[in-house]
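Reader: Could you walk me through how to read a structure like this one? I am new to it and would welcome a guide.

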Amino acid sequence: MATVQHVVHDTQGEFEPSLFGTYSKKIGMWLFLASDSLTFGALLFAYSYGRISNPDWPTPFNGDSIRNATIMTACLLSSSLTMVLAVMAANRGDKPWIRNWLLATMFFGAAFTVLHGMEWTHLIENKMTTSGNPWSSVPLFGGTFFTLTGMHMLHVTIGVIYLGVIALRKKFLPILLALWLIGWLATPADSVFHVGIHVLLVGAIISAIVLFLKPKDYDAHDVEVSGLYWHFVDLVWMFIFPLVYLMSTKV
Amino acid sequence: MHDTSVEHTDSKATYLWVWAALLLLTAVEVVLAYKQVLTPVHMLEVLLVLSVIKAGLITMYFMHLKGELPRMRWLLTISVTACFALMWIFFFRDADRIVTLGVK
């Protein structure tokens, strides 16, 4: 008769030590971020290439746009501060403050997305599309701008959902679904955000699958790994803001 | 076995200083954009240097990369920097060629 062997996974010395002196989840996130940085790098290089090789590159960002983008930058920088304070709270096992700081981070992230949405709406109202703009004959401007900033906005939205799952777990699902429904009903049918808001629905479905198939109480490691993702989103904006907005300023 | 616990030695005051420095560098960038005294290529270079400093502060302090083992820190930094350097060499030299020679 075969004997049943029980494998105990949390025994010290059971596995080879980590080559990088840290836990696998964090190494996995760093590897993802390294690959994601190349995606953003390619988009940033495409925009910057177009910017410096076209003397006729449009400069549509006036004082209001720069003020708006500066407030957005301040929101993201402040969200990074609250995120790192959430990681500190996680290190000392202070659960109420983990949740409070994560909610503050989500607030700043959501504010950033709303402000960015307003900026997009303003540009679209001025007849800017992915293949043309009213300010110059360079069609690449709209395509590179919307791709780059849209990709970043998507990352911020995913980040807010990710932090919501860590902070509130299953309680976050009805909130997310309510936000999706309100957003969907509140935006005009011809608005790009009427379609874009479905990201929240997809996020809610994926979050529900994760939360119901693998329910767990998220620990300090999970908070730290989610923080790495969030700081990366902030870091990418530190390049987008100057290269996209400040390089195309008309004040 | 290596210690894989979450331990970071920076204090709350350090994080506040880093946050303030990031805001200050952002303010410098905005002022440069308003002044518009530099050509686009020089402006791009200055903004990139400031952005790299900001990225360094975020990765080292907020992402705690300075607390990781040197081999992890260097592997990540060198691999990502090498990829960006390759992009820089191919893209910007060509963009500059178009501007300098007037190639359409």
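Author: Happily; we will go from the overall fold to a pair of helices, and then to the contact between chains. Please keep in mind that this is a predicted model.

Reader: Let's start with the fold. How many helices and strands does the secondary structure of chain A come to?

Author: Chain A has eight helices and zero strands, so its pattern along the sequence is simply α-α-α-α-α-α-α-α. Taken along the principal axes, the C-alpha atoms of chain A fill a box of roughly 80 × 40 × 40 Å.

Reader: What should I look for in a single helix?

Author: Here is the general idea: an α-helix has 3.6 residues a turn, so residues three or four places apart point the same way. For a case, take helix α2 of chain A, residues 63-91. Its 29 residues reach 42 Å from the first C-alpha to the last, close to the 42 Å expected at 1.5 Å a residue. After α2(A) comes A:Gly93, which has a positive phi, near 70°.

Reader: And how do I describe two helices that pack together?

Author: Two packed helices are described by the angle between their axes and the distance between the axes. Try helix α3 (residues 95-125) and helix α4 (residues 140-168), both of chain A: their axes come within 9 Å and cross at roughly 155°. An angle over 145 degrees counts as roughly antiparallel, and α3(A) and α4(A) are therefore roughly antiparallel to each other. The crossing of α3(A) past α4(A) is left-handed.

Reader: Which residues of α3(A) and α4(A) make the contact?

Author: On the α3(A) side they include A:Leu102, A:Met106, A:Gly109 and A:Phe112. On the α4(A) side, A:Met153, A:Val156, A:Val160 and A:Leu163 are among them. By kind, the residues of this contact divide into eleven nonpolar, eight polar and one charged.

Reader: Now the two chains. How many residues does the contact take from chain A and from chain B?

Author: The contact takes 46 residues from chain A and 43 from chain B. On the side of chain A that touches chain B, the elements giving two or more residues are α1 (24-53), α2 and α8 (220-245) of chain A. α1(A) gives the most, with twelve residues. That side of chain A divides into 27 nonpolar, 16 polar and three charged residues.

Reader: What confidence does the predictor report?

Author: For the complex, the predictor gives an ipTM of 0.86 and a pTM of 0.89. Chain B has a mean pLDDT of 84, with 88% of its residues reaching 70 or more. Among the elements of chain B, helix α1 (residues 12-35) has the highest mean pLDDT, 94, and helix α3 (residues 70-101) the lowest, 83.

Technical notes:
Residues are numbered from 1 along each chain as its sequence is written. Chains are lettered from A and ligands numbered from 1 in the order in which they are written. This is a predicted model: local features need pLDDT of at least 70, side-chain atom pairs count only at pLDDT 80 or more; totals for chains, interfaces and linings use all residues. Helices (H or I, at least four residues) and strands (E, at least two) are DSSP runs, numbered from the N terminus. The expected span of a helix is 1.5 Å times one less than its number of residues. Axes are lines fitted to C-alpha atoms, for helices over the stretch in contact, and angles run from 0 to 180 degrees between N-to-C directions. Angles under 35 degrees count as roughly parallel, over 145 as roughly antiparallel, 65 to 115 as roughly perpendicular and the rest as oblique. A crossing is left-handed if the near helix is turned anticlockwise from the far one by less than a right angle, and right-handed if clockwise. Two residues are in contact if their C-beta atoms, placed from the backbone, lie within 7 Å. Ala, Val, Leu, Ile, Met, Phe, Trp, Tyr, Cys and Pro count as nonpolar, Asp, Glu, Lys and Arg as charged, and the others, Gly among them, as polar. pLDDT is the predictor's confidence in each residue, from 0 to 100.
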